[in-house]
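Work through the exercises below with the structure open beside you. Each task is followed by a solution in steps.

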Amino acid sequence: MTEQARLLDIENNREITKETDSQFLFEYQRAILLTLRDRGVLNETQYQYAEENLKKQLKQS
């Protein structure tokens, strides 16, 4: 028997924006980049380039 994830409840429902949640968005986007790298969609050079761009965006916000 396999277990499946399911949403039980939503708390503190609010819009996530770059202005109010820049660190969260950075970490979320970085996690996506790491997944793409781990799956072979991005090579290490592409990943590093994308991560540096994310860091620059975080500093600007």
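**Exercise 1.** In this predicted model, decide whether asparagine 12 is buried or exposed, then describe its place in the chain and its backbone.

*Solution.* Start with accessibility. Asparagine 12 has a relative accessibility of 68% and therefore counts as exposed, since the cut-off for exposed is over 50%. Next, place the residue: asparagine 12 belongs to the segment before H1. Last, look at the backbone. The phi of asparagine 12 is near 50°, a positive value in a residue other than glycine.

**Exercise 2.** Carry out the accessibility step for aspartate 21 and list its contacts outside its neighbours within four places in sequence.

*Solution.* Aspartate 21 also needs placing: the segment before H1 contains it. Its relative accessibility is 10%, so aspartate 21 counts as buried; the cut-off for buried is under 20%. With neighbours within four places in sequence left aside, the contacts of aspartate 21 are Arg14, Glu15 and Ile16.

**Exercise 3.** Check the end-to-end distance of H2 against the span expected at 1.5 Å a residue, and do the check for H1 as well.

*Solution.* H2 covers residues 44-60, which is 17 residues. At 1.5 Å a residue the expected span is 24 Å, and the end C-alpha atoms of H2 lie 25 Å apart, which agrees. For H1, with 17 residues, the distance from first to last C-alpha is 24 Å, close to the expected 24 Å. Two local details can be added. At the start of H2, a side-chain oxygen of asparagine 43 comes within 3.0 Å of the backbone nitrogen of threonine 45. Just after H1, glycine 40 has a positive phi of about 85°.

**Exercise 4.** Which residues of H2 are buried, and which exposed residues does the face turned away from them carry?

*Solution.* The buried residues in H2 are Tyr47, Ala50, Glu51 and Leu54. They span an arc of only 100° around the axis, which places them on the same side of H2. The face turned away from this buried side carries the exposed residues Thr45, Tyr49, Lys59 and Gln60.

**Exercise 5.** What do the buried residues of H2 pack against, and how are H1 and H2 oriented to each other?

*Solution.* The packing partner of the buried residues of H2 is helix H1 (22-38). The two helices, H1 and H2, pack at an angle of about 175°, and their axes are 10 Å apart. Angles over 145 degrees count as roughly antiparallel, and H1 and H2 are therefore roughly antiparallel to each other. On H1, the residues making the contact include Phe26, Leu33 and Leu34; on H2, they include Tyr47, Ala50 and Leu54.

Note on methods: Residues are numbered from 1 along each chain as its sequence is written. This is a predicted model: local features need pLDDT of at least 70, side-chain atom pairs count only at pLDDT 80 or more; totals for chains, interfaces and linings use all residues. Side-chain values use heavy atoms; hydrogens and water are left out. Helices (H or I, at least four residues) and strands (E, at least two) are DSSP runs, numbered from the N terminus. The expected span of a helix is 1.5 Å times one less than its number of residues. Buried means under 20% relative accessible area, exposed over 50%, partly exposed in between (1.4 Å probe, protein chains only). The arc is that of the directions from the helix axis to the C-beta atoms. Contact means heavy atoms within 4.5 Å. A polar contact is a pair of N or O atoms within 3.5 Å; within protein, one must be able to donate a hydrogen and the other to accept it, and residues adjacent in sequence count only if both atoms are side-chain atoms. Axes are lines fitted to C-alpha atoms, for helices over the stretch in contact, and angles run from 0 to 180 degrees between N-to-C directions. Angles under 35 degrees count as roughly parallel, over 145 as roughly antiparallel, 65 to 115 as roughly perpendicular and the rest as oblique.
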